[in-house]
Structure formats: C-alpha cells, structure tokens
Amino acid sequence: MEKPVYYAPVPGRETAFSVAANAMKFGPGILAELGGDAVGLGMKRVALFVDEKVKDGEAYALATEALRKAGVDFEPYSAIKVEPTDRSFIAAAEFARDGNFDGFVSLGGGSTMDTCKAANLYATWPDEFLAYVNLPFGKLKPVPGPLKPHIACPTTSGTGSECTANTVVDLVDLKVKTAISHRYLKPSLAVVDPTTTHTMPAGVIAATGFDVLTHAIESYTARPYTTRQPPATPAARPAFQGANPYSDVGSLEAIRIGGKYLVAAVNEPDNLEARYQLMFAATLAGMAFGNAGVHLPHAMSYSVAGMNHTYVAKGYENDNPMVPHGIAVVINAPAAFRFTAPAAPERHLAAAEALGADIRGARLEDAGEILAARLIQMMKATGLPNGLNDLGYTEADLPGLVKGGYAQPRLLVIAPRETTEKDMEGMYRDGMRYW
Ligand SMILES: [Fe+2]
C-alpha cells in the first residue's frame, strides 16, 4: 500500500509555504560578541531589557561588558513581569519611548524577550494597547512598518521567543491570555549562549523544557499547510501557516533532543551536556513553530494560566504566584494529542517514537495514547503536577477553562482536527488527572 503523503496537493488550496529564516548564533560564551553584534545593527544607545534575577548573574556581566567595550551606551530595564500583562507592557513601552533608544537588547526568558518586543512595537508605532492584539480581544491592526533592531538573548531553554514573531500577554481585566503576532516583531538576531542555563533551578528547566517539547510536537502535528485557503496576496500568507517540510526538520529534531535530554537536564544538575542540548532544541523548536504554529495544548493553556494566580511551581518560589507557561501547556498535551491523533496518526506515532517511546508493533489507532503515555512518563519523572486537579482546578471550572481556551481562533485553526467547545471540554476533563 502506498504511504499516505502529509503534503498531498488539495485542489483549490494553498500550494506554497514561505520561510522567514532566523539570524542566530549559538555557543558557550557567545554573549561576549554582543557588543559587535549591536554595532553591526547600527545600535549606539540600547534599551537593555533584563530579568531582575539575571541582573545579578554572569550573563549580565558578560553582556554589559561586551556592550561597553564596543562603545554602546545602554540603559537597563528590569521591571519585567514573569508572564507579562497589558499593564507591564505599557510601562515598558513608556520606558522605551522616553529613552531615545536606537536599538533593543533582551536578556532573559520568554517574558523578558516578549516585553522587549512589545516595548519596541509601542515605542516605535504608538497606538492604543488593543490595536495590535489578536482577535477577538484586540483589533489585529497590521504593524505599519519595521521596528528598531532587537537582539534577543535567551537565558532559559524554553519559549524560543528569540526566533518568533509573537509576544504573549495576559489581559488582566479579561482574565485571558492572548498575543500580538506580526513578522516585524521577530528579533533581528538571536544570540543563544547555553552557559546562561548553569544556574537555572530544576523546576524552571522542567517547565521551560516542556514548553520546548510542546512547541515541537504541536508544530509537527499541525494541519498541513496544503489544507489552508490560499492567501489573497503574497503578503497575507500567515507566519503560522501549518506544518510544512521546513518546520518538520526543526520540530522532529527538537522532539528527539527533548526526549533524550529533558529528564536528565532536570534531574542531574551537573549534566551540562543535557542543558546545552535542550537550549539548542528550544531554538530549533522556536524556528519550527514560528513558521508552522502551535495548536490545542497552547490554546488551552491560556485559560489555565489566566484563571489561576495562586499556584506556586517548583523553582518559581520567588515570583508572583502563577502557572508557568510550560506547565500550563503540557498539562493539556496528553489529552489534546489523544484527541488530535485520529486526524494524523502517522505523525503522532512518529512524534512518539522521536520522543523515545517504543513503537514496535504499535497500531496507528493507538498513536495518540502512545504519545500521551510517553509525555506522562516524562512529566512524572520530572516532578510536574498530575493534571489540572493539582493546579486546583475541578469540574466546576470547566466552563471558564473552555471559554478562554476556545477564544484562541488563531491557534484552533492550526489543529489537525476541527474542535468544538464540547470536544475541548472533554479534553480539559481528560486532563484533570493523568496518573
Ligand atoms: Fe509556548
């Protein structure tokens, strides 16, 4: 029998995919080159967005020394909120606007890089906050033109935000997370120095590492780009275009690296090889989902994080109580992949195999369960909460969870299977407890 082809042409549908390739450099100690990188992008006075905790560490010392040596003036901004809000973005934009900067550098995790993207956007093209925010909460106004140059330097191996055109925001009054997505938000350069992960607590590696894995598995199992309507104009082809042969390369390799090294990176503090590998996987997965998109586990995460401001995760004891992004996502992942697998069973089985599951003798109809079981095994091995119950959610929260999760049309449309609100309620119910 002929093997099914994931990208078989569909009459009347999209025939092409496009790649906005990332400029990036990767290596231990590469932050020492930051000054030259900044000068190369024409920066003379930089807004340096830095996580408060990172400010005391080696990475900050290395980065600021590099800027000084290259004669680049900089002003640090560290009022970064972990899991940023509309209010924290507006405050950051005011700093960016008032400082007369010609470039931006971010040094931190996803929250820091995302805050920097938003500050650059609103300082360069001022508008009311909801103007650029995604539908249905915002107005999805296209960004009028390029932003100022931005060098993103991740210090956690998670979000891949250094490679994406996306910034996630918690709209406090609406109790919902959404995003601003536009290609001009993509950083001009990613400087990825894995030595920055040396001091990361195990709990943070676990949370951010599962974010990497879900980015990779979701982009690998996303609907094929060939099933979308063709764009009205070339410029209208979305960044999140569905799985495609380019995103497959990064996502499958990121799944493989994560499957091999994530548990060790969490449980063996001295295993630098595992931490470095995970850092590269994060960037690879960022490149993949930056071109393909993510779907149900991420869509469902928004209400999981948005409705809970009391949870304290391991490794995040010094932050405001919240569900870290990676936990809010992976907590839905086994349930979501059980649901999506029938639409693309070969892909789910291939993802499970790359993740380290034994698929000898597996049947295609078991693909979702095999992928879910391998993820659950890894969640258990790294001390993650056992389903939504452990975050404090019960059946009574289902309507609220579904409302927020279903309000992410840009992500739902990337799922390989059409999803009703009833389907989503079933997934949240399935995700209440895993073992
Ligand atoms: Fe994510």
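In this predicted model, the buried residues of helix α2 are covered by several elements, including α1 (34-40), β2, β3, β4 and β5. The residues in question are A59, Y60, L62, A63, T64, A66 and L67. A look at their spacing helps here: an α-helix has 3.6 residues a turn, so residues three or four places apart point the same way. The length of α2 (residues 58-69) also checks out, because 12 residues at 1.5 Å a residue should span 16 Å, and the end C-alpha atoms do sit 16 Å apart. Just past the end of α2 comes G71, with a positive phi of about 75 degrees.

Next comes the sheet. Six strands make up an open sheet with parallel pairing, in the order β1-β8-β5-β4-β2-β3. At its edges are β1 (24-26) and β3 (73-77), each of which pairs on one side only. Going from one strand to the next, the twist averages 15 degrees. As general background, strands of a sheet pair through backbone hydrogen bonds, either parallel or antiparallel. Here β2 (residues 45-50) and β3 go for the parallel option, with five bridges between them. One residue pair to look up in the viewer is V46 and its bridge partner in β3, F74. Another helix, α4 (residues 110-124), lies across β2, β4 (103-108) and β5 (150-154). Relative to β4, α4 runs at about 160 degrees.

The hairpin of β6 and β7 is a separate story. Strand β6 (residues 166-171) and β7 run antiparallel and are joined by six bridges. Within this pairing, V169 stands opposite T178, while V168 stands opposite A179. Four residues lie between the two strands, and K175 in this hairpin takes a positive phi near 55 degrees. As for burial, β6 is mostly covered, with five of its six residues buried. For β7, six of the six residues are buried, so the strand is largely enclosed by the rest of the structure. Both faces of β7 join in: V176, T178 and I180 point one way, K177, A179 and S181 point the other way, and all are buried.

Strand β7 turns up again at the domain contact. The domain assignment splits the protein into domain 1 (29-192) and domain 2 (202-430). Taken over C-alpha atoms, the centres of the two domains are 24 Å apart. The contact draws 26 residues from domain 1 and 31 residues from domain 2. On the domain 1 side, the elements that give two or more residues are β7 (176-181) and β8 (189-192). The largest share of that side comes from β7, which supplies four residues. By residue class, the side of domain 1 that touches domain 2 holds eight nonpolar, 12 polar and six charged residues. Strand β7 thus appears in two settings, as the partner of β6 in an antiparallel pairing and as a contributor to the side of domain 1 that touches domain 2.

Terms used: Residues are numbered from 1 along each chain as its sequence is written. This is a predicted model: local features need pLDDT of at least 70, side-chain atom pairs count only at pLDDT 80 or more; totals for chains, interfaces and linings use all residues. Two strands pair if DSSP finds at least two bridges between them. Axes are lines fitted to C-alpha atoms, for helices over the stretch in contact, and angles run from 0 to 180 degrees between N-to-C directions. Two residues are in contact if their C-beta atoms, placed from the backbone, lie within 7 Å. Domain bounds come from an automatic or database domain assignment. Ala, Val, Leu, Ile, Met, Phe, Trp, Tyr, Cys and Pro count as nonpolar, Asp, Glu, Lys and Arg as charged, and the others, Gly among them, as polar. The expected span of a helix is 1.5 Å times one less than its number of residues. A residue is buried if 20 or more other C-beta atoms lie within 10 Å of its own, exposed if 12 or fewer, and partly exposed in between; C-beta atoms are placed from the backbone.
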